There are 2 protein chains.
Amino acid sequence: MLAKIHITLKKDVLDPQGSVIANSLKSLGFDGVKDVRQGKYIEITLDDNDKDSAIKRLDEMCEKLLANMVIEDYSVEIN
Amino acid sequence: MLAKIHITLKKDVLDPQGSVIANSLKSLGFDGVKDVRQGKYIEITLDDNDKDSAIKRLDEMCEKLLANMVIEDYSVEIN
């Protein structure tokens with residue numbers, strides 16, 4: 001079972017890495033870039049067969065290790 | 001217009017960061033984690049109104065700046 005996890009900075013948290021990307025794109029001639037936010041994308045392959053219990057465990061993984069809940073949000077998706 | 005870009009290592013490229021996450025999850029007691037791959041997730045807000053031309057420009061952004069085409073794949077998605 002493949003789980004896809006997105007970890008993004010909360011809206012109010014400054015994203016200096018995203019600003020650098022936005023500035024670099026502008027200096028390369030890409031106009032019309034209003035905002036860039038960079039996050040993490042993690043794919044986890046699990047042995048689990050039960051979707052509900054997998055999502056529960058993935059939530060726990062995010063809260064314990066993968067995301068910093070003070071400044072980051074996460075979302076879990078299973079295909 | 002909000003574009004979502006996923007940048008992932010190509011399948012044959014080793015992902016040491018993913019391995020570290022997998023090992024950390026195991027040592028925290030999460031069994032059944034078979035594989036972890038870490039990638040980047042970038043949200044770009046564009047002024048564009050035309051989806052097709054936006055996708056063309058986003059492809060160019062990925063190839064010129066965001067992704068390292070030797071070792072990474074990317075996908076562009078617009079809602």
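In this predicted model, copies are superposed by least squares on the C-alpha atoms of residues with pLDDT of at least 70 in both.

Q: What makes the relation between chain A and chain B that of a two-fold axis?
A: Two copies of a chain are related by a rotation about an axis and a shift along it. Here a turn of 180° with a shift of 0.0 Å along the axis lays chain A on chain B, and the RMSD is 0.0 Å; that is the relation of a two-fold axis. The same surface serves both copies, since 100% of the contact residues of chain A recur in chain B.

Q: Why are helix 2 of chain A and helix 1 of chain B called roughly perpendicular?
A: The axes of helix 2 (residues 51-66) of chain A and helix 1 (residues 16-27) of chain B cross at roughly 105° and come within 11 Å. Angles of 65 to 115 degrees count as roughly perpendicular, and the two helices are therefore placed in that class.

Q: Which residues meet between helix 2 of chain A and helix 1 of chain B, and how many of them are nonpolar, polar or charged?
A: On the side of chain A, helix 2 brings A:M61, A:L65 and A:L66, which meet B:I21, B:S24 and B:L25 of helix 1 of chain B. By class, this contact has five nonpolar residues, one polar residue and no charged residues.

Q: Why is one side of strand 3 in each chain left without a neighbour in the sheet?
A: The open sheet has six strands in the order 3(A)-1(A)-2(A)-2(B)-1(B)-3(B), with antiparallel pairing. Strand 3 (72-78) of chain A and strand 3 (72-78) of chain B stand at the edges, and each has a single partner strand, so one side of each lacks a neighbour. From one strand to the next, the twist averages 25°.

Q: How many bridges join strand 1 of chain B to strand 3 of chain B?
A: Seven bridges join strand 1 (residues 2-9) of chain B to strand 3 of chain B, and the two strands run antiparallel. B:K4 stands opposite B:E77, a residue of strand 3 of chain B.

Q: Why is A:Q38 called buried or exposed?
A: A:Q38, which lies in strand 2 of chain A, has a relative accessible area of 15%. Buried means under 20% relative accessible area, so A:Q38 is classed as buried. Leaving aside residues up to four places away in sequence, A:Q38 touches A:D15, A:Q17, A:G18 and A:I21, together with B:K40 and B:Y41.

Note on methods:
Residues numbered from 1 in each chain as written. Chains lettered and ligands numbered in written order. Predicted model: local features only at pLDDT ≥ 70, side-chain atom pairs only at ≥ 80, totals over all residues. Heavy atoms only, no water. Axes fitted to C-alpha atoms, helices over the stretch in contact; angles between N-to-C directions. Helix = DSSP H or I, 4+ residues; strand = E, 2+ residues; numbered from the N terminus. Parallel < 35°, antiparallel > 145°, perpendicular 65-115°, else oblique. Contact = heavy atoms within 4.5 Å. Nonpolar A, V, L, I, M, F, W, Y, C, P; charged D, E, K, R; others polar. Pairing = 2+ DSSP bridges. Buried < 20%, exposed > 50% of the residue type's maximum accessible area, 1.4 Å probe, protein only.
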